[in-house]
Amino acid sequence: MSEPRVRRAEIAIEQSHVDRVYTRLAELRRQAEDMRAKGYEIGHGAQREAVFEQASMLFERDMMVFHANQTLQSLDAEYEGLVFGRLDHTTAEPVYVGRLGIRDADFENLVTDWRAPAAAPFYQATAEEPMDVVRRRVIRCSGQQVLDVDDDVLMPESVPDGMPVVGEGALMAALGRARGDRMRDIVATIQKEQDEVIRAPWRGVTEITGGPGTGKTAVALHRAAYLLYRYRRQLGGAGVLVVGPSGVFTSYISRVLPSMGETNVELRSLGELLDGMQATRYDPAPLAAVKGSLRMRKVLLKALRDTPPEAPTELRIVYKGEVLKLGAKELEKARKKVHSAGGPPNRSRVRAAETLLEALADKAEENAKAGGPQLDRADVVHDLGERIDFHRFLVTWWPVLYPAQVLRWLGDERKLARAGKNVLTAEEVTLLAESLRGEGDDWTVADVALLDELRVLAGPPPKRRTQRAQDIELDAAQTRDSDDPARHRAARPAHYDEYSHIVVDESQDLSPMQWRMLGRRGAYASWTIVGDPVQSSWPDPAEADQARTQAFGAKTARRRYTLRTNYRNSAEIFDLAAEVVAGRAASGEELPNAVRKTGLEPEIRRVDDATRETAVHAAAKELLDAVDGTVGVICAMDRVPEVERWLAGQAEERLKVVGSLDSKGLEYDAVVLVEPTELITESLTGRRVLYVALTRATQQLTVLASDDDWR
């Protein structure tokens with residue numbers, strides 16, 4: 001039988017099984033919907049029962065509805081090919097591998113979840129260690145239709161008569177597929193070195209390093225899905241947090257976990273880690289380096305202990321005909337005494353009141369020695385402590401401190417100079433103060449870590465008793481009545497710090513202050529850390545390493561995996577990227593090996609001020625015509641608005657304009673890179689940022705440059 005006929009016959013065989021799977025999936029969905037409807041009926045019935053029976057019936061209702069909704073969420077996930085693999089063993093029945101485990105009505109496996117131990121050979125078996133696998137088949141589907149199959153024979157001597165073998169390599173076929181505006185899962189093409197990382201033990205810290213295109217991000221996300229499957233009882237309740245470098249990045253990866261049926265995962269960018277914040281703006285590199293340094297903690301602590309701008313500088317109070325007065329120096333002395341006792345300022349108002357009352361009692365004794373009336377010290381403290389005018393003074397002299405308010409105070413260069421004395425240089429004070437002046441919530445990504453630090457240093461603001469009771473009631477209602485896991489997460493307290501597992505992508509760029517912010521959220525967590533030192537944009541790796549180690553705490557298990565194969569870039573594109581950093585920002589051993597050749601060399605075009613806009617237009621149009629997927633136009637961060645205006649007329653959804661920092665972790669079929677030298681000069685780690693931008697393209701790359709300095 002000819003190869004095309006064999007392929008068609010094998011596709012028909014797999015289509016028959018896939019049809020069976022989707023028929024069963026529809027049955028399971030109907031059963032779950034029936035269970036949910038029955039649960040709601042129980043809830044309505046409970047309203048008519050006696051009070052002592054209602055609690056039991058409502059509990060049964062909640063459990064049925066919750067279980068049914070969990071099942072439906074899993075069944076309704078946006079699967080891109082539910083069944084994608086098949087394993088033929090020497091003795092056992094074939095095992096089909098997919099994104100979801102499904103059994104038939106007799107509890108026989110129709111599909112084995114890719115995370116299950118029985119599916120491990122699909123990723124781990126090799127010709128040297130076949131793990132009893134004769135034939136490994138990749139099944140490529142679009143929706144419910146089987147498009148193609150591709151086979152690997154791992155035990156040629158055991159192939160039975162009549163077993164057909166078709167295909168030429170599923171991985172390379174997948175690498176050549178067009179990219180969309182969202183990252184896809186890689187469950188059908190996970191390689192052995194990647195699978196070892198995915199299935200590594202969950203406790204402690206797992207670090208994944210590797211160059212561009214090695215699949216670090218995809219592996220980390222698949223690891224999160226695997227851990228939730230394998231250790232759901234330990235990890236699922238407290239939750240998993242995935243942290244990315246930017247909102248552009250988190251949007252790009254947002255579909256990966258849901259496509260594998262995992263919805264109970266929080267995805268946040270660094271600018272969103274503090275509840276209520278959505279910072280997207282970046283500081284210039286020199287300013288970001290100041291804000292991210294551990295020195296800022298000392299500055300913030302001093303700022304909190306300084307006199308608030310609106311605080312009164314004199315306390316005058318009449319007691320039994322005697323004027324008791326505390327001047328500016330005496331009030332400052334009292335403030336220092338309160339702070340010297342330690343503790344967050346927002347938890348120290350009682351101590352502040354006691355300190356002021358003691359100072360007033362001291363003043364009464366001084367007056368008595370000077371011939372004034374004799375007053376009982378205990379009476380002075382007690383009586384003044386009951387006075388409304390004293391408490392009015394107290395709330396203005398020792399106000400509740402809010403992080404944003406305190407950080408804005410440092411826009412006053414004189415106040416910042418006091419807080420930064422012997423910590424910041426005069427130039428740094430000027431630079432930092434200018435950036436912190438302003439109003440509202442127009443914060444930068446680097447500011448978020450400072451606000452979080454201030455939140456902890458200042459302590460939580462006091463809540464009114466009635467408000468606290470309302471919050472508790474609201475949280476309980478959300479937890480009890482919600483069918484949506486996102487609303488269950490919303491019921492968590494603000495600034496939640498009990499995550500069970502944290503995934504950090506592009507970790508090489510985190511500042512020490514950002515590591516401190518993450519450490520607060522991972523006090524009880526295990527970690528998956530993803531990064532590449534060669535791509536780092538942080539100028540002081542030693543300080544960042546110190547903060548990172550502190551963030552991990554006393555977790556003893558540490559393991560490191562290095563991925564060395566670049567699957568994203570063609571060899572032609574990666575050779576140019578390697579040329580930029582090799583010998584200057586990286587050694588040859590630190591760079592991955594690109595395994596795929598396309599025959600398309602990167603195109604480098606000379607431009608100047610007069611031709612740049614036209615050249616960007618032309619290059620973008622050419623690449624849109626040349627590829628089926630996305631085209632990224634990457635430029636320096638401060639040039640993004642200008643380039644967006646240039647391309648506003650090209651109403652093409654496949655075309656994306658991104659700045660150099662926002663391009664981290666993204667990939668496009670083709671890239672137009674505008675003025676590479678500008679990417680070098682805008683960053684303190686220059687060539688590393690350019691290296692990142694050059695490695696975003698999978699198929700074609702066009703560089704528009706007005707000079708050759710970048711090479």
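1. Let's start with a word you will need: two residues are in contact when heavy atoms of theirs lie within 4.5 Å. With that in hand, look at helices α19 and α22, where V445, V448, A449, L450, D452, E453, R455 and V456 of α19 meet M513, Q514, R516, M517, R520 and R521 of α22. Sorted by character, the residues of this contact are seven nonpolar, one polar and six charged. Please keep in mind as you read on that this is a predicted model.

2. How do the axes of these two helices cross? Helix α19 covers residues 445–458 and helix α22 covers residues 512–521; their axes come within 9 Å and cross at roughly 50 degrees. That angle makes α19 oblique to α22, because it falls outside the ranges for roughly parallel (under 35 degrees), roughly perpendicular (65 to 115) and roughly antiparallel (over 145). The crossing of α19 and α22 is also left-handed.

3. Now step back to the whole chain. You can count 28 helices and 21 strands in it. Of its 711 residues, 53% count as buried. Take the contacts between residues at least 6 apart in sequence: 75% of them join residues at least 24 apart.

4. Next, the sheets. A general reminder first: the strands of a sheet pair through backbone hydrogen bonds, and they do so either parallel or antiparallel. One open sheet here has six strands, and if you walk across it you meet them in the order β9-β8-β12-β13-β7-β14, with parallel pairing. At its edges are β9 (265–269) and β14 (558–563), each of which pairs on one side only. From one strand to the next, the twist averages 15 degrees.

5. Let's zoom in on one edge of that sheet. Strand β8 (residues 240–244) runs parallel to β9, and five bridges join the two. Which residue of β9 is the bridge partner of V242? The partner is L267. For a helix that meets this sheet, find α23 (residues 541–552): it lies across β7 (205–210), β13 (526–531) and β14, and runs at about 155 degrees to β13.

6. There is also an open sheet of six strands with mixed pairing, in the order β3-β4-β2-β1-β5-β6. Here the edge strands are β3 (102–103) and β6, and each pairs on one side only. Strand β3 runs antiparallel to β4, with two bridges between them. Opposite R103 you will find N109 of β4.

7. Towards the β6 edge of this order, β5 (residues 133–142) and β6 (residues 145–153) pair in the antiparallel sense over eight bridges. One bridge to look for links R135 with V153 in β6. The two strands make a hairpin with two residues between them, and G143 takes a positive phi near 65 degrees there.

8. A second hairpin is worth a visit. Strand β10 (residues 315–319) and strand β11 (residues 322–326) run antiparallel and are joined by five bridges; in β11, L324 is the bridge partner of I317. The two faces of β10 are a nice thing to display: L315, I317 and Y319 are on the covered face, while R316 and V318 are on the uncovered one.

9. What is the phi of K320, in the turn of this hairpin? K320 has a positive phi of about 50 degrees although it is not a glycine. The loop between β10 and β11 is where K320 is found. Its relative accessibility is 58%, so K320 counts as exposed, given that the cut-off for exposed is over 50%. You can compare N422, which likewise has a positive phi, of about 65 degrees, without being a glycine. N422 sits in the loop between α17 (413–419) and α18 (426–436), and at 76% relative accessibility it counts as exposed.

10. Finally, consider R115, in the loop between β4 (109–113) and α3 (121–124). Is R115 buried or exposed? R115 is buried, because its relative accessible area is 4% and buried means under 20%. Leaving aside residues up to four places away in sequence, R115 touches R99, R199, A225, Y226, Y229, M260 and E262. Take A225 from that list: R115 and A225 are 110 residues apart in sequence, yet their C-alpha atoms are 8.1 Å apart in space.

Definitions and conventions. Residues numbered from 1 in each chain as written. Predicted model: local features only at pLDDT ≥ 70, side-chain atom pairs only at ≥ 80, totals over all residues. Heavy atoms only, no water. Axes fitted to C-alpha atoms, helices over the stretch in contact; angles between N-to-C directions. Helix = DSSP H or I, 4+ residues; strand = E, 2+ residues; numbered from the N terminus. Left-handed = near helix turned anticlockwise from the far one by under 90°. Nonpolar A, V, L, I, M, F, W, Y, C, P; charged D, E, K, R; others polar. Pairing = 2+ DSSP bridges. Buried < 20%, exposed > 50% of the residue type's maximum accessible area, 1.4 Å probe, protein only.
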